[in-house]
Amino acid sequence: MSGLNIVIVGHVDHGKSTLIGRLLYDTGSVPEEKLKEIENTCAMLGHKMEFSYVADALEEERKKEMTIETTQTFFKSSKRDYTIIDAPGHKEFLKNMVTGASQAEASILIVDVTRGAEEQTMRHAYILKLLGIDRVILAVNKMDLINYDKEKYTRVARQCEKYLRAIGITLQHMIPVSAYNGDNIVKPSQRMNWYKGPTILEALDSLDVIRMEYDFRLPVQDHYTINGDRVYVGNILSGCISRRSEVTVYPGGENAVVKEILTFEGRLEKACRPKAIGLILSGFSPKRGDIIARGGRPTVAKNVRSTILCLIGEVRENESYLFRCTTQEVKCKVRRIEDKVDVETLERLPSTGVLKQAEIGTVYIEFEHPVVLEKVIVLPELGRFVLLKNGIIVAGGIYYG
Ligand code: GDP
């Protein structure tokens, strides 16, 4: 079975870093020297091993190595490899989630049992739902602080479950844990005999993530001329393509035939996702931002109604923005902001014509030229987009169809 990308979300201080540190430590994913270093630091500071340091220390390490993906962390179970993408402590977390820079397939929502769901618990849960990440495990943390009490756990778990159900997320598992002590993270707890369910790792292993097969889609990144032939390059987002196949280029809908498929390894008869390829076509010459497709027709839209999350500054009615989705960049205008969501009560508030930072609302956007979209649940890469103002990403949007 292939790997799984997960994201760990929840309110600040509810225990995300500690949970990550615990998962890494208990699955033996922390290098020996690193552990010694952390243990020494903790001893020097005169306290017990602090597991949130594990996550932080590994992040520091990667930054020093200047790897591109500074936000990814890895661990393994006997069943598969996991990548923890991003953590809400990171400045860019929400932006990465909404823009699709981080593609999570499942999530752990962590809640401090002594505090219950707080503002960010709900905001993050709401964003999971927006992004179509519907495989969610609830970790009710800091059970040690309430003496591993079943009644208090049940109360908090029910509160969270009720909220999640209201936004349309059905929890896969609810698990009482102490990230600090390692209860029910990788090892089953001896202190909660009343709990008969899986540990966090077992719950993750039990998730059945089916990657939907979808029609061939390739956003054109660029074109080069090689030995007199024009080669259109890009990453295959979904599906496969063979030589001599007929394709359609959107948004225009023009037809072409694949003459050759080029890769760094040479010419291929067939190429599938995920792969960077170059295509030589006959019949039509696409440009950057066009989507080469085969199979069903994508959505080609001159305007769209969408849910957006303002990431920085504000989004205003009747203002112009640059829409970007994969390699497509098109000028647009937010014609109307139709409502605003209160993530705590889930009420739709009347629009004031502006969405401020962290606010979520429904907008109606008009494009200068048609754009190509797919429903986010079908093909996230073509279902998520960003709006830019003066070169800065101010909002992330989702297309539901
Ligand atoms: P984050 O902001 O969500 O990443 O939270 P942290 O992992 O940094 O944890 C915040 C504080 O809660 C730290 O002082 C942790 O030591 C503490 N903490 C985290 N998990 C537990 C737990 O299971 N039990 C107890 N008693 N403290 C915890």
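**Exercise 1. Pairing of strand 12 with strand 15**

Task: In this predicted model, determine in which sense strand 12 and strand 15 pair, and over how many bridges.

Solution. Step 1: locate the two elements, strand 12 at residues 254–263 and strand 15 at residues 276–282. Step 2: establish the direction; the two strands pair in the antiparallel sense. Step 3: count the bridges between strand 12 and strand 15, which number five. Step 4: take one position as a check; I261 stands opposite L279 in strand 15.

**Exercise 2. Other partners of strand 12**

Task: State how many bridges join strand 12 to strand 11 and how many join strand 12 to strand 13, and describe what lies between the strands in each hairpin.

Solution. Step 1: begin with strand 11, residues 246–250, which runs antiparallel to strand 12 and is joined to it by four bridges. V247 has A256 of strand 12 as its bridge partner. Step 2: inspect the connection; the hairpin of strand 11 and strand 12 has three residues between the strands, and G253 in this hairpin takes a positive phi near 85 degrees. Step 3: turn to strand 13, residues 266–268, which is antiparallel to strand 12 and joined to it by three bridges. Here T263 is matched with G266 of strand 13. Step 4: the hairpin from strand 12 to strand 13 passes through two residues.

**Exercise 3. The surroundings of the ligand**

Task: Identify which residues come nearest to the ligand, and give the distances of the polar atoms of H14, G15 and K142 from its oxygen atoms.

Solution. Step 1: list the nearest of the 16 residues around the ligand, namely D13, K16, T18, E50 and D144. Step 2: classify the shell, which comprises four nonpolar, seven polar and five charged residues. Helix 1, residues 16–26, gives the most to this shell, with three residues. Step 3: consider the backbone; a ligand oxygen atom lies 3.4 Å from a backbone N or O atom of H14, and a polar backbone atom of G15 is 3.0 Å from an oxygen atom of the ligand. Step 4: add the side chain of K142, with a polar atom 3.0 Å from a ligand oxygen. Step 5: assess the cover; on its own the ligand has 580 Å² of accessible area, of which the protein covers 79%.

**Exercise 4. The largest pocket**

Task: Give the volume of the largest pocket and determine which element gives the most to its lining.

Solution. Step 1: the volume is about 1,200 Å³. Step 2: among the 37 lining residues, Q103, R273, L379, P380 and E381 are the closest to the centre of this pocket. Step 3: strand 24 gives the most to the lining, with three residues.

Definitions and conventions
Residues numbered from 1 in each chain as written. Predicted model: local features only at pLDDT ≥ 70, side-chain atom pairs only at ≥ 80, totals over all residues. Heavy atoms only, no water. Pairing = 2+ DSSP bridges. Near = heavy atom within 4 Å. Polar contact = N/O pair within 3.5 Å; in protein donor to acceptor, adjacent residues only side chain to side chain. Areas by Shrake-Rupley, 256 points an atom, 1.4 Å probe, with all protein chains shown as cover. Nonpolar A, V, L, I, M, F, W, Y, C, P; charged D, E, K, R; others polar. 1 Å grid on protein atoms, 1.4 Å probe; cavity = no way out; pocket = protein on both sides within 12 Å on 5 of 7 lines; lining within 4 Å. Points joined across faces, edges and corners; volume = space filled by probe spheres on them.
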